[in-house]
Every structure is written in C-alpha cells, then in structure tokens.
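Got your viewer open and a few minutes to spare? Let's walk through this one stop by stop.

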Amino acid sequence: MTTVIAEPAAKQPGGHDILGKARNPQAFRMAARNWLEETVAAEKRAFPDRTADDFYKRQQWWMAERNKVGMATPHWPSAYGGADLSLSNQVIVAEEMARVGAPPMSLFTVSLNHIPATLIRWGTPEQKSRHLPGVSKGVVWCQGFSEPNAGSDLASLGTRAVRDGDHYIVNGQKIWSSYSMYAAHCILLTRTDPQASKHKGITYFLMDMKTPGVEVRPLRQVNGSAKFAEIFLTDVRIPVENRVGEENQGWTVAQTTLSAERGILAFDAGERLRYQMEAFHADALRADAAWLQDPEMTREFARLFAEMQGCRRLLRRLMRENEANAASTLETVVYVKVINTTLKRKVGDFMLRAQGLQDQFHLHGAEERPDQPMNVYITSFGGTIAGGSNEIMLNVLAERILGMPKS
Amino acid sequence: MTTDFDDLLAAFSESVSEVLRSKCDRRTVHGYYDGKNDLDAALWLTAVELGWLGVGVDEAAGGLGLGVAGLDVLHRQLGAAAAPGPFLSTLVGAQWLSRQAGSGETAAVVQQIVAGELTLGIPVAPGGAATPLRAGRLAGTSAPLLIPASAGMAVIEVENEAGRALALVAVGEKSARLEGIELWDRTRRVGRLACEGVAPLLVVPDADGAAGNLLRRYFALAVAGDCVGAARAIAGQTVAYLKDRQQFGRPLASLQALKHRVAKMFVAIVEAEQQLEHAIEAASLESPSAVLWAFLAKASASEAFYFVADDCLQLHGGVGFTWEFDCHIFLKRALLARELCGDNRAMRNLAAEALALAAREGRSTADIAA
Ligand SMILES: Cc1cc2nc3c(=O)[nH]c(=O)nc-3n(C[C@H](O)[C@H](O)[C@H](O)COP(=O)(O)OP(=O)(O)OC[C@H]3O[C@@H](n4cnc5c(N)ncnc54)[C@H](O)[C@@H]3O)c2cc1C
C-alpha cells in the first residue's frame, strides 16, 4: 500500500545510462565504472586538497553528481524515487565505488539509510512525501538518540517531551550526533512517559533543526576533525504531525532505524578496506619498503589479508540474508559488526608499524584522508564503539545466539 | 539462497554427523585413546560401506560428485568427532593421485582406495627433507609421514639428479618398512618409512614445485576443515557445560567475563570458516590463487582451533584437566594440526610470496565470484 510520491529515478541522457543496464550485470558494472572513474577524476580536480573546510561542499557536490545519473538513491523502491536496484547491483555499485576510491557518503549516512528504513515502515503518507524526495537533493539528516547518560543503555534516555495541544515541548540533551552541525532535520528519541518501564515510555520524532531552542555544539574527534556534536534542546516545540508511530511506541520504531545500519554500510567499509590493503601492499613493493624484508611482518600481512577476505565473504552472506529476511540475520549482523570493525583496527595498527616513524608525522589535512594509516587506525574506534559497542555485541552473541543466561 | 548443491551438501553433512554420533561417540574415542578398541578400522569400514570415500569423485565414476566442497563437509564432521582413522592422509593422497594423469596405474590405485582396499601415507609437512633416489632406487629413510598402520602405500618426497620429486612407494615386509612414532595426539598415526633399495611405483617430478603444491593444497584444505569442525564442537560443548555448572548459586554461563571469552571463540571460528569457504571456492574454480587461499585458511583454522581448545580446557576447571574428559583430546589434535601440512609460519611465508608475486604482476588475488 505505497503511494507513489516521486518519479522513478531519471535515466540520464548525458552519456551515462547506468540504471538502464541494470538487467545485465557486466554492462551495469562497466557503466558504473566509467561514470565513477570520470566523476572521481572531476572531484579531484574540483577539490585538489580535500580540506576540513570544504568537506560539506565536497559531499554535496558528490551527491549532486550521483543524482544526475539517478545514482543518489537507486537502492530505494521506485515508489519513493529509487530505482529498485537489486541487491546484486547494489553490491556491484559498492564494489566499484571502493575500487575507484569514491568519496564515502558519510554526511548522508542517516539520510540514505536510516530515513528510508524508518519512514517507509512507519511514516505517514505526508511524512514520506515531505521528506523522502529531499534526500537525493542533498537534505542532511542526523540521529539524536544517544545522551550523556544513555549510551549502551539507550533505553534509559531522559530527554523529555510533554504534549501541549498540537505540539510537544522538548527539553534535554543529545550527544555524539554525527554531522548534526550540517543537518536540516533530526530523528529524535524522547521520553514521554517517565512512569512506564524504560522501553515503553519513548516517543520518536522528526525534528527541524532550525526550530527555536535547538543548539548544536560541535565536538572534536580523536583525529582532530569535528564530525559529531552535542545538541541542546530547550523548550523546542515539535508539531504532533512530526511524531513517527504512536506516542510511547518509539522504541519499536527505533529498532527499525537501527536495523538500517546492518547492510550496505558495513559492506561498503569492507570493500574499501580491500583496496586500501591492496594499494598499501603495491605501494610498499614499488618503494621496496623495509617491512617487506621482515618475514614476521609479511606473514602478518598475509594473515590480515585472509581475514579481510573472510570478512568480505561474511558481508556477502549478510546481504543475501538481509534480502531473504533470513532468521540467521541477527547472528550474521553480530559477527559482521565485531569482525569488520576489529579488522580495521588491526590493519591500521599494522600499517602504522610497517611505516614506522614516518607515519607519526602529521601531514597537513591528514584527518581528511581516510586511507592515511593513522586515520585507518584511530577512526576504527568509531566502528568498535558506535552502533552497539563490540562488548554489547559479545553480550548479544552469548545471550541471544548461544543461549547463555542474562547476567 | 540455497541451491540444490547446497542442499545435497547439507544432507550429506547431516548423515555423516548422525553416523559419527553413534559410532564415534566420545566414550568410544576415549576407549580408542586407551587402546581398548579398533575405532580407526571400524570407522574406515563404515566410511567405505556408506560411500563416503567417493564423496569427491564424479558420479560417473561411481562417486557422490560433491567435489572439494563435499570432502570439506566430511573433514569437518570427522574433526567434530575427534575421529581416528586413516582419513586425512588417504583422502588427500587419493585427491592428489587422481590428478596425476597419463598413468593408468594411478587410476587403479585411486579405485582401490575408494573401494576401501588401500590406505595411504603422506608427508606430515611437505617441503621438508627428501629421500635420495639413485638409479631408480631409494636410499634412506623418509621424513615423518602421516600414515596409518594399515597403509599399503605412501607418497614421499624424494630427490634425484633432476631435482625434487614425489614418489609413490609400496609399504610392507618386502618393500618400505614402516617405523611408527608415538604421538601425544593418539588419534593420529605418524611414522617413517625405511626405504633402502626400494624402487618407487611412480615418480612425479616436482622441480617446479607444482606437484608438491597441489598435494599441499589438498592437505591444507583437509586440515582446515577438520579444525573448524573440531573447534565448533568443543566450543559448543563448553557452552553447554557453562550453562550446566552452578557456582555462587548461579550458572557459570551467566558471568559476563566468561560469556565474552566464549563469544570470542565463536568469532574466531566464524572468521576461519569464512576463509576456508573462500579457499574451497577458489579450489573448486581452480583459481590461480587457490594454493594461496588454502595455505592461509589452514593457518587461520588451526590457530582458531588452538585458541578455542586451549580456553575450553581452562573453562572446564578441574574436570578439564583430567584424562577422562574430552578437552585434552581436542587440544592435542589442535596442537598437531598446527604442524600438519607445514607449520603456520611456513604456510604464511608461502602465501606472502604468492601475494607479492601477484601484486608485482598487477593481478588481484581478492576477487570474489558473484
Ligand atoms: C564515531 C561515533 C559516531 C556516533 N554517532 C552517533 C549518532 O549519529 N547519533 C547517536 O545518537 N549516537 C551516536 N554515537 C553514539 C554511540 O551510539 C554510543 O557511543 C554508543 O552507544 C556507546 O555509548 P557510550 O559512548 O555512552 O559508551 P558507554 O555505554 O558508557 O560504554 C563505555 C564502555 O563500557 C562498555 N559497556 C557498556 N555497557 C556494557 C555492558 N552491558 N557489558 C559490557 N560492556 C559494556 C562499552 O562497550 C564501552 O567500552 C556515535 C558514537 C561514535 C563513537
């Protein structure tokens, strides 16, 4: 029962008909590759030194380029402006993006994944038609779930929302909200019933970040760049029509949102790691790097290379299970989360040891270069902490998959 | 997304598991360990009767036609049961022999194996010392072989004027004599062959290392399968034990410190399984990187098995420290597995060389078939 609210993604006349080849995997891959190679080269010309200051512009530029060829939200259902791109074609796109080192869609993570997952399942027709088409035009969303006192124990969140006629009045504080300083909208979890048990008194909202009383204060991250922020909320008035799901049903809605982190996002990271490792190795061979003479190091590289490959297979299994809605999906999600994020740390650490002192020198703008070993290493903590920390994942594995009793 | 082939594999796996649960239960394995039964021979007979030995052989030739993947299923189940018997060396040797084309004799030998009439020995760690071969006769004793007491033949590494080669020799009173070596792991048999003056049945030149690599590739995959099967089994047993065992008025399984240790075992197992699956696929497709992935899978799988078996003993407490309990049987199999087919340093050295070669040639080794 979906209402058509957007035209299917346009097949582009401008030389790059990618979606039109969706039926033929090889042709689709080659079309995507040609477009990507051209566009990434153009990106390098447009933003030769990738600084923190032009991050937002680069991301918007990239989204606009994708939109031109219908590749902004091709994985969405056509009823919502997507192209119903099959899973195998999504995999091809992710592989090709990683191959050419296309900019990751960081700024749009929530817009591209969490928003469609949540709204398609729970949104009203008005919410869908108002918000979904904006994503391909570059509207940035952020996620306001975590609070200073509600991290792993998210359900204990305390930001209050009180009904006042056709509005709710919200007071509280959110934290670690990625890219929220750039965001136009926020998906927000609040407490509406402090008396109910903690999972039962939560309500989910779509919040306009320009509403009076919303104040964003960026926080600098470990590598020096400020990509997440605190959000202070003081008497913020949110219209009732911006509520998603019923009052006090927010926890259930939030589960749908969080499940959006399970698929192509992790897949993308795994594919990128492959090319980072291959490039690192090829560069070392070209430069006759010292670590190649140390058998302990070359063995470790071989071991990590195998782990990377194993992880990529696991990611493919996850994609298949996601599509089939298989009962084993939870299990695979947990393994993928732990293995993929831990591997990135191990590879980063390896690269740092291999390069030695040289990589302790901080080159100007290094924080904007994801392939730089220090960045591979130190941003990997984002993966192991966020999205359900790896310790929480091990709890889930022990309790829900191995059936060990709660502590 | 299961295919008919996956269904066949799953059915084969289930039927092997069922048979092993009844014929190779833990009590019987302990009995074998203490020399009280002939489980190795009994299992071999069962395997022959049920056609397991032909799992990798084409259907046209009377086998089950499940290829490398089918053999992998068998090795995983044998590992899970800590099964003794001539399986590893015989099945690996047979796979290798069946690829030595051009000789009607090898085909006959493979047929004898599948029919259960012949078991084989192979080098424990191929690539080691080679026995001199002078004027068609062997001079000396072989390097250690993984070899059942019943072995009728063995593949050994030899060296003649042309360089290294692999030779098939007959074992017996009138030919090469088997000198057994006692192992800590009593589920496996190792020995040397005294081959003074013996003429091999077959000599396969290996100056370029291709024939030896093929043997090692099959060996690596078999050991890896055995290891992941075994690791899953003993880890599962440990979870069950922790749920059962009460201390401080609650099951040990409710303690988070122990949950995390167990969860990490399963993470290690899944990683090794994925690497093995990749290696199996590369072998099935005869990819140029098949050897590389087999070596890496063997190293990961035996390390994961060791990691798991080591901690499982600790998590069983005093019970785990006893001869009567299963932990030491698995742990000793894990320790031997690290050495089988070559130690893991050697495995990864070879893999690192192959990776560097491919990178220099501008070839990627990391493509995954759609
Ligand atoms: C890079 C990054 C981006 C993020 N982006 C967003 C965002 O956009 N929106 C948003 O809402 N949030 C975001 N987060 C927040 C993230 O979801 C939380 O950091 C995460 O849930 C952990 O909560 P915490 O930081 O309060 O750590 P805590 O919960 O305080 O945990 C501290 C340590 O204790 C461990 N621990 C906690 N509970 C247990 C337990 N039961 N058993 C064992 N160990 C335990 C944890 O694993 C961790 O190691 C982001 C975080 C990071 C790092």
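The tour goes from the whole chain down to a single residue.

**Before you click.** This is a predicted model, in which local features need pLDDT of at least 70 and side-chain atom pairs count only at pLDDT 80 or more, while totals for chains, interfaces and linings use all residues. Residues are numbered from 1 along each chain as its sequence is written, chains are lettered from A and ligands numbered from 1 in the order in which they are written, and side-chain values use heavy atoms, with hydrogens and water left out.

**Stop 1: all of chain A.** Show it as a cartoon and you'll find eleven helices and eight strands (DSSP runs numbered from the N terminus: H or I of at least four residues for helices, E of at least two for strands). The radius of gyration, taken over C-alpha atoms, is 22 Å, close to the 22 Å that the globule rule gives for 407 residues, so chain A is as compact as a globular protein of that length. That rule is 2.2 Å times the number of residues to the power 0.38. Along its principal axes, the C-alpha trace spans about 70 × 55 × 45 Å.

**Stop 2: the domains.** Colour 19-104 as domain 1, 141-248 as domain 2 and 261-401 as domain 3 of chain A; these bounds come from an automatic or database domain assignment. Between the centres of domain 1 and domain 2 of chain A, taken over C-alpha atoms, there are 31 Å.

**Stop 3: strand E7.** Select residues 228-239 of chain A, then add strand E3 (residues 167-178): the two pair in the antiparallel sense over nine bridges. (Pairing takes at least two DSSP bridges between two strands.) Look for A:Tyr168, whose bridge partner in E7(A) is A:Ile238. Now add strand E6 (residues 214-219), which pairs with E7(A) in the antiparallel sense over six bridges. There, A:Glu215 stands opposite A:Phe232.

**Stop 4: helix H6.** Pick residues 250-259 of chain A; A:Gly250, A:Val253, A:Ala254, A:Thr256 and A:Thr257 are buried here (buried means under 20% relative accessible area, with a 1.4 Å probe and protein chains only). Look down the axis of H6(A): the buried residues fall within an arc of 155 degrees, so they line one face of the helix. The arc is that of the directions from the helix axis to the C-beta atoms. Their packing partners in chain A include helix H4 (109-122) and strand E1 (141-144).

**Last stop: A:Asn242.** Head for the loop between E7 and E8 of chain A. A:Asn242 counts as buried, at 10% relative accessibility. Beyond its neighbours within four places in sequence, A:Asn242 is in contact (heavy atoms within 4.5 Å) with A:Gln127, A:Arg130, A:Tyr204, A:Phe205 and A:Leu206.

Definitions and conventions:
Buried means under 20% relative accessible area, exposed over 50%, partly exposed in between (1.4 Å probe, protein chains only).
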